[in-house]
Amino acid sequence: MGAAYRTITEDEHAAVAALILHVGFGGTPPPEEYLRVAPPEQFRVLDDAGELLSALRVSRLAQWWLGRAVPSAQVLHFASPPQHRGQGHGSRLLAELLAELREAGVPTATLRPSNFPFYRAAGFEAAGAWSLYEARCEHLPKRLAPFRARQVPIDDLAEPRALYQRIAPTRHGAFARDDLSWRWIARRARDRSALCLVLDGPGALQVAPPDEPAGWVVVAFEFQRDAPVPTNHLQVLDWGCMPGADAALLALLAGYSSMGGVLRWSGPDPDPALFALPDLHTRLVNRFHWMLRVVDLRAAFTARPYPAGVAGRVVLEVDDPVCPWNTGTWRLEVAGGGAGVERLAGGAAGVERVAGGGRGGALRTGARGLAPLFTGFTDPADLVRAGLLAPPGPDSLEFLRAAFASPRPWTAELY
Ligand SMILES: CC(C)(COP(=O)(O)OP(=O)(O)OC[C@H]1O[C@@H](n2cnc3c(N)ncnc32)[C@H](O)[C@@H]1OP(=O)(O)O)[C@@H](O)C(=O)NCCC(=O)NCCS
């Protein structure tokens, strides 16, 4: 009997967690805490007669795409024991997970990669970015009025949580957070010197109902002992606000300038916060990419919305050896803010005139081309340049550009 893909039992929880923690993922808590925030049902393993060959941890948060939440999965941690690496076990485990997700009606999966080649081989591709910015506190806006601020305990993030639910649909790619997501933020805050500030909006401004907060920030303070001049990193662990409150949220932290305060945060590029900053002194200090996998082409492309005014269609000729149910010729038709996806039994040959494609024209692509197209991460012409999309004509690119136009995909969580 060969290796088997399966879930794990409570009895195995500690051993599987140990295998994963052994790798030393950044930000993972001590083992006993990890067992609390990573329940057994999140793990999948490949084992051979009791010997663990590979293990991963997956969560199932939906993601907001243009204001609609679509089921998704996040591969959070992945490890094969050193003695079993390079023998195909990780690839098999990932392929089995994708099949499980498809069965469960989860059309996409995302992850933060440690390397591109392993995940590209499974059909993942870069589909969004975290941009890390920093600004010295003396360069932040100074005016809090007419807003007011107050502190709330790190262990009671109910108000930020309620506000996040209103804001997340406006963030392209944001997770529909659950209890565990908020526990994770609280834990990261508890581990350090951190506080949570809530911004109350004046009713007259109508940025939020008078009795509800207009913004929040969970910020951790890291004094840099070795810096040549006093430097205090203010690391934003989580934040958000209603439209019109960005400058006030930043102003909340301006007072740390006297302590050598440097505010650091992750955002999309461009980050809407930049429009609230008064001068040029904000630096982009780093950028990481997250990857997405279209698990089920038809389910994914019909589930997400499209700009309401766009209408047209293209034929996609897809080759997807890891998820063979996606392989084939598909017509993607966009109209009225939605899409229909239909498999063409006869293949691309003989297809009637399609938008931009000309007679019988089809765009050839694979899972790696579909991922950044789905999120709107990059211009379709860049996918052509990268060899991930082969277009029959310029009109089809114009249509794809319009159909997949969106805010820059981003998630607040650097997972
Ligand atoms: C990444 C990992 C889970 C892959 O598991 P595995 O059982 O070795 O996977 P497979 O044998 O199926 O696939 C290995 C393939 O991935 C590639 N690969 C794995 N790690 C890689 C890396 N860091 N850089 C480049 N390629 C890598 C291998 O070169 C190999 O490709 P090949 O088949 O063309 O030779 C394993 O190497 C591991 O545990 N690494 C340390 C922890 C880690 O990085 N986890 C991922 C966090 S996102």
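**Entry 1: Pro305**

I started with Pro305, which I found in the loop between helix H8 (297-303) and strand E15. A reminder to myself before going on: this is a predicted model. Is Pro305 buried or exposed? I have to write "partly exposed", because 16 other C-beta atoms lie within 10 Å of Pro305, while the label "buried" asks for 20 or more. Next I looked at what Pro305 touches, leaving out residues up to four places away in sequence, and I noted Trp65, Leu66, Gly67, Arg68, Gly337 and Gly338. I also checked a long-range pair: Pro305 and Ala403 are 98 residues apart in sequence, yet their C-alpha atoms are 9.4 Å apart in space.

**Entry 2: the sheet that E15 belongs to**

From Pro305 I moved along to E15 and its sheet. In what order do the strands run? I read E17-E16-E15-E18-E19, an open sheet of 5 strands with mixed pairing. The edges are strand E17 (338-343) and strand E19 (389-390), each of which pairs on one side only. As a general note, strands of a sheet pair through backbone hydrogen bonds, either parallel or antiparallel.

I then went through two of the pairings. E15 and E16 are antiparallel, with 7 bridges between them, and I saw Leu316 standing opposite Trp330 in E16. Strand E16 (residues 328-335) is also antiparallel to E17, over 6 bridges. There I found Val334 opposite Ala339 in E17. E16 and E17 make a hairpin with 2 residues between them. I looked at the turn too, and Gly336 has a positive phi of about 60°.

**Entry 3: helices across the sheet**

Which strands does helix H11 lie across? I noted strand E15 (312-319), E16 and E18 for helix H11 (residues 394-403). H11 runs at about 100° to E15. Helix H9 (residues 367-375) lies across strand E18 (363-366) and E19, and I read an angle of about 95° to E18. Looking back at Pro305, its long-range partner in my first entry was Ala403, and residue 403 closes the range of H11.

**Entry 4: the ligand shell**

Now for the ligand. Which residues come nearest? Of the 17 residues around the ligand, I listed Ser80, Arg85, Gly90, Ser91 and Asn115 as the nearest. I sorted the shell by class and got 6 nonpolar, 10 polar and 1 charged residues. Strand E6 (72-79), helix H3 (89-103) and helix H4 (116-121) each supply at least two residues of this shell. H3 gives the most, with 3 residues.

**Entry 5: helix H1**

E6 turned up again when I looked at helix H1 (residues 13-21). The buried residues of H1 are Val16, Ala17 and Ile20. Why do I call this one face? Seen down the axis of H1, the buried residues fall within an arc of 100°, so they line one face of the helix. I checked what they pack against: helix H2 (31-37), strand E2 (43-48), strand E3 (51-59) and E6.

**Entry 6: helix H5**

I gave helix H5 (residues 158-167) the same look. Which of its residues are buried? I noted Pro160, Leu163 and Tyr164. They line one face of H5, because their directions fall within an arc of 110° seen down the helix axis. The face turned away from the buried side carries the exposed residues Ala158, Ala162, Gln165 and Arg166. Among the elements covering the buried residues of H5, I found strand E10 (193-200), strand E11 (213-223) and strand E12 (232-241).

**Entry 7: two alanines**

I ended with two single residues. Ala186 sits in helix H6 (residues 179-190). I call Ala186 buried because 20 other C-beta atoms lie within 10 Å, and the cut-off is 20 or more. Ala186 touches Ile154, Asp155 and Leu157, not counting residues up to four places away in sequence. The C-alpha atoms of Ala186 and Ile154 are separated by 5.9 Å, with their places 32 residues apart along the chain.

Where does Ala273 lie? I found it in the loop between strand E13 (261-267) and strand E14 (282-294). Ala273 is buried, with 22 other C-beta atoms within 10 Å. Beyond its neighbours within four places in sequence, Ala273 is in contact with Asp246, Leu250 and Gly267. I also noted Ala245, 28 residues apart from Ala273 along the chain, with 9.7 Å separating the two C-alpha atoms.

Terms used:
Residues numbered from 1 in each chain as written. Predicted model: local features only at pLDDT ≥ 70, side-chain atom pairs only at ≥ 80, totals over all residues. Near = placed C-beta within 6 Å. Helix = DSSP H or I, 4+ residues; strand = E, 2+ residues; numbered from the N terminus. Nonpolar A, V, L, I, M, F, W, Y, C, P; charged D, E, K, R; others polar. Pairing = 2+ DSSP bridges. Contact = placed C-beta atoms within 7 Å. Axes fitted to C-alpha atoms, helices over the stretch in contact; angles between N-to-C directions. Buried ≥ 20, exposed ≤ 12 C-beta atoms within 10 Å, placed from the backbone. Arc of directions from axis to C-beta.
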